[in-house]
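User: I would like to go through this structure by question and answer. Please keep each reply short and end it on the item asked for.

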Amino acid sequence: MTRQFELFARPAVCFYHLNSGKPPRVVEYFSKTQNVPIVSDPVDLEGMKTVFFSIHSTRDAFKVAKLAKHKRQGSVWIAGGNAATNPTAIKWIMDYVFIGDAFVAFEKILNGTFDLRGMLNCSENNIVCFNDEDNFKKAYSLGFYELSKGCKRKCFFCVNAWRREYKENNFESVKKYLDSFDGRVVNLRSNSSDDVSFYPELIQIMKTKGIIDLNISTSIQTLTDEHIQSKSAGVKMPLGVEGFSERLRKILNKPIKNDALLDAVDRCLFYGKKIRTVYQFNLPGETENDFDALLQDIEYMRQRHKKGSYSIAFIPHNANAFTPMQWEKPYYNLNTLDRILELGERMKGSGKTGLSVHPIIPLSPLGWFKMQISEFVPITPQVAKALPDSAPKKETVEYYIDRVSAAVDVGYVFEEKDENFDFPWDNVKVATDKKELYRHYQKMKKRIERSNT
Ligand code: SF4
């Protein structure tokens, strides 16, 4: 029997891999365990009865739009994945969108069960509840084991905080896995492993066995020396700082004091770790002074450390579905982009004179615009065609609104919404209801007002 015949033994079912590079690990896991091939040539779609898509970024909707012409009559397209929790951009072409975790559900779907919590039938647009499964108790790739999901903290902008309850895996199951593990590196998945109640015990187990955990998500506030020391020196430790200043972080419900931030960065560098702080820009309430605060922090670190590697990622903020930010007016500040680019120029070669600071060029206004409208409108081939694949860094939001206007009206996306605004994803129910999210949005607005007086 040829491998090809084995793979296609199941009635023509496949995963379609939308991106270049390796497919996501979870897709590879299901491909192996359920004998479902992964294809990435659009021509292959035409021979398939059922096609699964894993949507990891809202911008993937633009790739789906370009594939639409290959959907054969009678075939069933089903999407899942983190970015499919809001199905707005893709449900025009999908038959079903599965919303939430599918480690357990996937096998049932493969066997033809569609009456499941989390299953959206796109032609009916039924009310659907996020499927929040228990933590998975198997490694889904060598060394990849789930520690927790969701987050105990409730930063207003964060997609991880509001759609599901925080859940930790069972200590015994993780311990058993580590006890039987005979490799050197693991990736214990969590939004913030230093928040996991039993992580200190895991550090001890890993220390005894000489295992390094490459998962380096950390929440700063609880970062211990032991945690820092347990990390590999070769891997950049990301610290999710988000707001440029203490004032801004407080507004966003990510109240990291500046002293705590500088202390965390300082200790990581002191222990010889490479570090990457992650910031968002274009946040509600942000001013020029906030960026100045970041520049001061960089200068402070440059004075304290004469060697080491410090990179800074900048993410243009999106108003995401299922967060208190969904009502806000999204914007892209080209002046801040200029300041980031200027910082990058200024820090070129900084490693020759001390701490090497490496600002990472952020997503362009075009990429950001695509992500933002993918939350609100169907990304049809007409919409995808109206926007270029790449563009100069300096176009305004108004320019892109105009470019897509013949295909879809998106002007309202870039306005503030009122309390009763009907979002296209309102039929999807997540752990936090809309009223509660709005209450937090109002709290944020009051904080902005207060900080301006
Ligand atoms: S930004 Fe980080 S700390 Fe805040 S809620 Fe999200 S995962 Fe948690």
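User: Which residue in strand 12 is the bridge partner of Val-185?

Analyst: The model is predicted. In it, strand 11 (residues 185-189) runs parallel to strand 12 (residues 212-213), and two bridges join them. The partner of Val-185 in strand 12 is Ile-212.

User: Which residue of strand 11 is the bridge partner of Phe-144?

Analyst: Strand 8 (residues 144-146) and strand 11 run parallel and are joined by three bridges. Phe-144 has as its partner in strand 11 the residue Asn-187.

User: In what order do the six strands of the open sheet lie?

Analyst: The edge strands are strand 2 (38-39) and strand 6 (119-121), each pairing on one side only. Pairing in this open sheet is mixed, and the order is 2-1-3-4-5-6.

User: In strand 6, what is the bridge partner of Val-97?

Analyst: Strand 5 (residues 96-98) pairs with strand 6 in the antiparallel sense, over three bridges. Val-97 is also among the residues with the most contacts inside the largest nonpolar core. Its bridge partner in strand 6 is Leu-120.

User: Where does the largest nonpolar core lie with respect to domain 1 and domain 2, and why?

Analyst: This core has 96 residues, and those with the most contacts inside it include Phe-53, Ile-78 and Phe-98. Helix 14 (residues 365-376) gives the most to the core, with six residues. Because domain 1 (3-129) and domain 2 (144-362 + 418-447) both give residues to it, the core lies between them.

User: Which residues does Met-94 contact, leaving aside neighbours within four places in sequence?

Analyst: Met-94 is listed with Ile-78 and Ala-79 among the residues with the most contacts inside the largest core. With those sequence neighbours left aside, its contacts are Trp-77, Ile-78, Ala-79 and Cys-122.

User: How many residues does the second, separate core have?

Analyst: Its members include Tyr-145, Leu-147, Leu-188 and Ile-211. The number of residues in this second core is nine.

User: How many residues of each class form the shell around the ligand?

Analyst: Among the residues surrounding the ligand are Cys-151, Arg-153, Lys-154, Asn-191, Ser-219 and Lys-254. By class, the shell has four nonpolar, five polar and three charged residues.

User: Is Asn-452 buried or exposed?

Analyst: Asn-452 lies in helix 17 (residues 434-452). A residue counts as exposed if 12 or fewer other C-beta atoms lie within 10 Å of its own. Asn-452 has 8 within that distance, so it is exposed.

User: How far apart in space are Asn-452 and Pro-87, C-alpha to C-alpha?

Analyst: In sequence, Asn-452 and Pro-87 are 365 residues apart. In space, their C-alpha to C-alpha distance is 37 Å.

Technical notes. Residues are numbered from 1 along each chain as its sequence is written. This is a predicted model: local features need pLDDT of at least 70, side-chain atom pairs count only at pLDDT 80 or more; totals for chains, interfaces and linings use all residues. A nonpolar core is a set of buried Ala, Val, Leu, Ile, Met, Phe, Trp, Tyr and Cys residues joined through C-beta atoms within 7 Å. A residue is buried if 20 or more other C-beta atoms lie within 10 Å of its own, exposed if 12 or fewer, and partly exposed in between; C-beta atoms are placed from the backbone. Helices (H or I, at least four residues) and strands (E, at least two) are DSSP runs, numbered from the N terminus. Domain bounds come from an automatic or database domain assignment. Two residues are in contact if their C-beta atoms, placed from the backbone, lie within 7 Å. A residue is near a molecule or strand if its C-beta atom, placed from the backbone, lies within 6 Å of it. Ala, Val, Leu, Ile, Met, Phe, Trp, Tyr, Cys and Pro count as nonpolar, Asp, Glu, Lys and Arg as charged, and the others, Gly among them, as polar. Two strands pair if DSSP finds at least two bridges between them.
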